[in-house]
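User: I'd love a close look at one part of this protein: the pockets and the elements around them. Could you walk me through that part in one go?

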Amino acid sequence: MTSAIRHITVDCADPYLLAGFWASALGGELAADDFPGDPEASVTAGAHALLFVAVEDRKAVKNRLHLDLQPQDRTRDEEVARLIGLGATLYEDHRKPGGAGWVTLLDPEGNEFCVERGAAERARA
């Protein structure tokens, strides 16, 4: 028998706040028993689950693991704008003139994640 990934866990200062950002970003839902000030908060988005756990240590270096998002119903650039509107920050722009590439953003606590081209954009390339 093999193991299955139950959660992707993110250490953070404010689990409820960060889980709220990711729930909005992924079209997911916070668990019904999560409230501000809780030491943990979880998000379910489709078949994926993220768990946010309070830690005292602040992020100091680049993530060793990050999420790559692929928009399903909009372009990469539209998704980048939407995520910035939710509270993400532009970190590095790796878009190429021909449409290839990705954008690296930071979530509200400074964790890196990337936004790639959507499936429809890849099909046109």
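Analyst: Happy to; here is a walk through the two pockets and then the strands and helix beside them in the list.

A quick note on the basis: this is a predicted model, where local features need pLDDT of at least 70, side-chain atom pairs count only at pLDDT 80 or more, and totals for chains, interfaces and linings use all residues. Residues are numbered from 1 along each chain as its sequence is written, and side-chain values use heavy atoms, with hydrogens and water left out.

Let's begin with the largest pocket, whose volume is about 600 Å³. A pocket here is an open set of points on a 1 Å grid over the protein atoms alone, where a 1.4 Å probe fits, with protein on both sides within 12 Å along at least five of seven lines; lining residues have an atom within 4 Å of a point. The volume is the space filled by probe spheres set on the points, which are joined across faces, edges and corners. Of its 27 lining residues, Val10, Asp11, Lys59, Asn63 and Asn111 are the closest to the centre. Strands S1 (8–12), S4 (48–54) and S8 (112–115) each give two or more residues to this lining, and S1 gives the most, with five. Strands (E, at least two residues) and helices (H or I, at least four) are DSSP runs, numbered from the N terminus.

The second largest pocket has a volume of about 350 Å³. It is lined by 16 residues, and Ala25, Leu26, His48, Leu69 and Gln70 are the closest to its centre. At least two lining residues come from each of helix H1 (15–26), S4, strand S5 (67–69) and helix H2 (76–86).

Now for S8. Glu112 and Cys114 on one side, and Phe113 and Val115 on the other, are all buried (under 20% relative accessible area, with a 1.4 Å probe and protein chains only). S8 pairs with S5 in the parallel sense over three bridges; strands pair if DSSP finds at least two bridges between them. Leu69 has Val115 as its bridge partner in S8. Strand S7 (residues 103–106) runs antiparallel to S8, joined by four bridges, and Val103 is partnered with Val115. In the hairpin of S7 and S8, with five residues between the strands, Gly110 takes a positive phi near 90 degrees.

Finally, H2 has Arg76, Glu79, Val80 and Leu83 buried. These residues lie on the same side of H2 because they cover an arc of only 105 degrees around the axis, taken from the directions from the helix axis to the C-beta atoms. Their cover includes H1, S5, S7, S8 and helix H3 (119–124).

Conventions. Buried < 20%, exposed > 50% of the residue type's maximum accessible area, 1.4 Å probe, protein only. Contact = heavy atoms within 4.5 Å.
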